[in-house]
Amino acid sequence: MNRVIPRKQILSIEDPPEKNAGLIDEFKPHIIHSYGSYLEILFGWLDSSGEKMHLPKILGFGADGLADPVRKMIRARFGLEAFSSYNSVEAQRIAFECPEHQGLHVNEDFYVVRIVDSEGRTVPPGETGEVVVTNLLNRGTVLINYRLGDLAALIPGECSCGRSLPLMSYPVGRVDDVIRLQDGKTIHPSTIHKIIFKEPCEVLQYQ
């Protein structure tokens, strides 16, 4: 049996979108996978400039998020659905986005995923806490109850897509990502995130 070796092209996210759009148009890939933040830059430029680019069949992203307004713009303007994956250096392919965009399905055959509080106690489904994984694949360095530093929640109930794999929310931040107010109080960035992205405005990113 002949082995099929896929062709791929690696582009730099340090290059401007007009350069990468030209390279993508020449290469004509079926799949584009990038940082969510760079897809915002690329498709934001395409939308505002009116320039044309070869569109893939699959659009994926990881490492950071893709804002909901941008997802909607990509869907409406370019007819593409974007899907995320949840990975880390220590544990690859932990979860993948549900086709119904209800959250991330955990690859439980590969990883045991727990959500814990600051004391390491498992929190109930629906409650946000720190993501902890146990790697069932790596035979060289076995990671047990390894804290990734990401904040997320396990979603209770069955998924509408029909898959039986556990469902996890999209990561909402990092353990060390907190907003400190002048009075000394701290709030989670997702509080601000929900307020900003609830409005149909031009704010696609915030810091």
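Biologist: Let's start with β7. How many of its residues are buried?

Modeller: In this predicted model, β7 is mostly covered, with 7 of its 7 residues buried. As a general idea, side chains in a regular strand alternate between the two faces of the sheet.

Biologist: Which strands pair with β7, then, and in what sense?

Modeller: General idea before the case: strands of a sheet pair through backbone hydrogen bonds, either parallel or antiparallel. Here, β6 and β7 run antiparallel and are joined by 6 bridges. Strand β8 (residues 146-152) also pairs with β7 in the antiparallel sense, over 4 bridges. If you want to find the register on screen, use Val113, whose bridge partner in β7 is Val133. For the pairing with β8, look at Gly129, which stands opposite Ala152.

Biologist: And the loop that links β6 and β7? Is Thr122 buried or exposed?

Modeller: Thr122 is found in that loop, between β6 (111-116) and β7 (129-135). Its relative accessible area is 52%, so Thr122 counts as exposed.

Biologist: What does Thr122 touch?

Modeller: Once you set aside neighbours within four places in sequence, Thr122 is in contact with Arg114, Ile115 and Val116. There is also a distance you can check: the C-alpha atoms of Thr122 and Val132 are 9.6 Å apart, with their positions 10 residues apart along the chain.

Biologist: On to the other sheet topic. What is the strand order in the open sheet?

Modeller: It has 7 strands in the order β1-β2-β3-β4-β5-β10-β9, and the pairing is mixed. The edges are β1 (31-35) and β9 (154-155), each of which pairs on one side only. Inside that order, β4 and β5 (residues 104-106) pair in the antiparallel sense over 3 bridges. Glu97 stands opposite Leu104 in β5.

Biologist: Pick me a residue in that sheet. Where does Ser84 lie, and what surrounds it?

Modeller: Ser84 lies in strand β3. Its relative accessibility is 10%, so Ser84 counts as buried. Leaving out neighbours within four places in sequence, Ser84 is in contact with Phe61, Arg71, Phe96, Glu97, Leu104 and Tyr170. Two of those you have just met: Glu97 and Leu104 are the opposite residues from β4 and β5.

Biologist: Now helices. Which residues of α3 are buried, and where do they sit around the axis?

Modeller: The general idea is that an α-helix has 3.6 residues a turn, so residues three or four places apart point the same way. In α3 (residues 68-78), the buried ones are Val70, Arg71, Met73, Ile74 and Phe78. Seen down the axis they fall within an arc of 165°, so they line one face of α3. The face turned away from that buried side carries the exposed residues Lys72 and Ala76.

Biologist: What do the buried residues of α3 pack against?

Modeller: They pack against α2 (36-49), β2 (58-62), β3 (82-86) and β4 (95-97). After α3 comes Gly79, with a positive phi near 70°.

Biologist: Which residues are buried in α1?

Modeller: Pro17, Asn20, Ala21, Ile24 and Phe27. The arc they cover around the axis is only 130°, which puts them on the same side of α1. What covers them includes β1 and α2. Just after α1, Lys28 takes a positive phi of about 55°.

Biologist: How do α1 and α2 cross?

Modeller: The axes of α1 (residues 17-27) and α2 come within 9 Å and cross at roughly 85°. An angle from 65 to 115 degrees counts as roughly perpendicular, so α1 is roughly perpendicular to α2. On the α1 side the contact is made by Pro17, Glu18, Asn20, Ala21 and Ile24, and on the α2 side by Tyr38, Ile41, Leu42 and Trp45. By class, that contact has 7 nonpolar, 1 polar and 1 charged residues.

Biologist: Where does α2 lie relative to the strands?

Modeller: α2 lies across β1 and β2, running at about 115° to β1.

Biologist: Last one, for the overall picture. How many helices and strands are there, and what share of residues is buried?

Modeller: The protein has 4 helices and 13 strands, and buried residues make up 34% of its 207 residues. Among contacts with a separation of 6 or more, 48% are between residues 24 or more positions apart.

Notes
Residues are numbered from 1 along each chain as its sequence is written. This is a predicted model: local features need pLDDT of at least 70, side-chain atom pairs count only at pLDDT 80 or more; totals for chains, interfaces and linings use all residues. Side-chain values use heavy atoms; hydrogens and water are left out. Buried means under 20% relative accessible area, exposed over 50%, partly exposed in between (1.4 Å probe, protein chains only). Helices (H or I, at least four residues) and strands (E, at least two) are DSSP runs, numbered from the N terminus. The arc is that of the directions from the helix axis to the C-beta atoms. Contact means heavy atoms within 4.5 Å. Two strands pair if DSSP finds at least two bridges between them. Axes are lines fitted to C-alpha atoms, for helices over the stretch in contact, and angles run from 0 to 180 degrees between N-to-C directions. Angles under 35 degrees count as roughly parallel, over 145 as roughly antiparallel, 65 to 115 as roughly perpendicular and the rest as oblique. Ala, Val, Leu, Ile, Met, Phe, Trp, Tyr, Cys and Pro count as nonpolar, Asp, Glu, Lys and Arg as charged, and the others, Gly among them, as polar.
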